[in-house]
Amino acid sequence: MKLLQNVIHKLAIGTGLRHLRVGLACLAVVMLAAGYNWRAARNLGTQEAMDTAQVARNLAEGKGYTTQFIRPFSLYLVKQRSEAKFGRVPLGENADYSQIKGRHPDLANPPVYPGVLAALMKVLPFEWVIGPPKFFWSNDGRFLRYKPDFLIGFFNEFLFFAVIGLTFLLARRLFDPGVAWLSGILLLGCEWLWRFSVSGLSTMLLLVIFMGLVWCLVFIEREAREPRWGLRGLLLLAAAAGLLVGLGALTRYAFGWMIVPVTGFFILFAGPRKAMLCLVAVAVFALVLSPWVYRNYRICGAPFGTATFAIVEATGMFPEHKLARALEPNFNRLEMRVGTFTHKLLNNSRQILQDDLPRLGGSWLTPLFLAGLLLVFRNPAIRRLRYFLMMTLAMLIVVQALGRTQLSEDSPEFNSENLLVLLQALARGIESTSGNPG
């Protein structure tokens, strides 16, 4: 009887009530994930996701960083580089300068996400051959879900939950538990992020890296105001920020531009050692990126492979997929002028401001997000993080506009060129504080 009374007491007013709430919250999340995967999970539905997955499979099977997705423009780049190194061979000799007869090197995808998927394929039971109908994978004896695609989506859902956890902890640190819980609930209820998680794209991994970067900046800002760890701690945090930006760039090349708002944040808020911190962050960023840039330059003469030329795609010079399908592209045309890129920037920026930005906060929540940017916060850490968010938003709009290609037209919402989605977590946090200027 006494044991029963102690249990009831703990559940009513003791620590057991908190554990019960946490347990119920975890159960609700598990049930939500199970229900979503049962009803809404689909196989990989975009060209980019399938391309990344096949590169990862080649890696896992020991075929190197090669691709079976042959782009004529990639053949052109490899051929040009090979001819520059070894010279042209006489007509009729059997020289495979384009490397199409063997394993063609992949020049479209940065290496981190395919590498992570390749490691996943080594650990989990990926079954490539579709066998007899089985429960969950089939419906009434008909094929329904492809197991490798589902496992990739499930892994990205795990990363999605990690993003929610990082956002929850950040909001609790900067605000209070109420704001933290509301931020987590808003993220968990964001159907847009759920769909990104099962799309097979690298977005969730990039979101985890971005939230890690935000945590580094929060620690650096606090250390500049209230020194605790000394110069060594500041340098380690700056190096970590540069490392994360480098890893992000090797996950999605456009993320490399994040080094600009990061150094801007250091200049404004990192205190008297801001120059040293900027140098450390940029040096580590360059150190992380350099080996892969060298690899691409050695193979094709372009530092970022085919992505180097994204700025000229979807312009009057190379509309739609014309550049990717070109064996002999002409880069000397008169249309290659500053006006071409200005036109692309203005047109795509208008579309981003009209369509993509309103979805950043989640349709009707966008006014709360924009209002939160205008709030005057009492906490200096929040004010300074808001400035970083505004710098990042401006930078991502420009980079997304200039880097937009036909891939965004083929899959308007869920594509690797959507960079504004990275601000979803911080946007949810700001929406949660619209009535509570911490």
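**Salt bridges: exercises**

**Exercise 1.** Find where R195 and E191 lie and how far apart they are in sequence.

*Solution.* Both residues belong to helix α8 (residues 191–197), and they are four residues apart, which means a separation of about one helical turn. The model is predicted. In this model the side chains of R195 and E191 meet in a salt bridge, with N to O at 3.9 Å; the cut-off is within 4 Å. R195 has 35% relative accessibility and counts as partly exposed. E191, at 45%, is also partly exposed.

**Exercise 2.** Determine which parts of the chain the salt bridge between D51 and R71 ties together.

*Solution.* Start with the contact: the two side chains form a salt bridge of 2.7 Å, N to O. Next, place the partners. D51 sits in helix α3 (residues 47–60), while R71 is in the loop between β1 (66–67) and α4 (72–86), so the bridge links parts 20 residues apart in sequence. Finally, check burial: D51 and R71 are both buried.

**Exercise 3.** Establish whether E221 is buried or exposed, and name the network to which E221 belongs.

*Solution.* The closest N and O atoms of E221 and R225 are 2.4 Å apart, in a salt bridge. The two residues are four apart in helix α9 (residues 203–225), about one helical turn. E221 has a relative accessible area of 1%; buried means under 20%, so E221 is buried. R225, at 31%, is partly exposed. Through salt bridges with shared partners, E221 and R225 join E226, R228 and R384 in one network.

**Exercise 4.** State how many salt bridges a search of the whole structure finds.

*Solution.* The search finds ten.

Terms used. Residues are numbered from 1 along each chain as its sequence is written. This is a predicted model: local features need pLDDT of at least 70, side-chain atom pairs count only at pLDDT 80 or more; totals for chains, interfaces and linings use all residues. Side-chain values use heavy atoms; hydrogens and water are left out. Buried means under 20% relative accessible area, exposed over 50%, partly exposed in between (1.4 Å probe, protein chains only).
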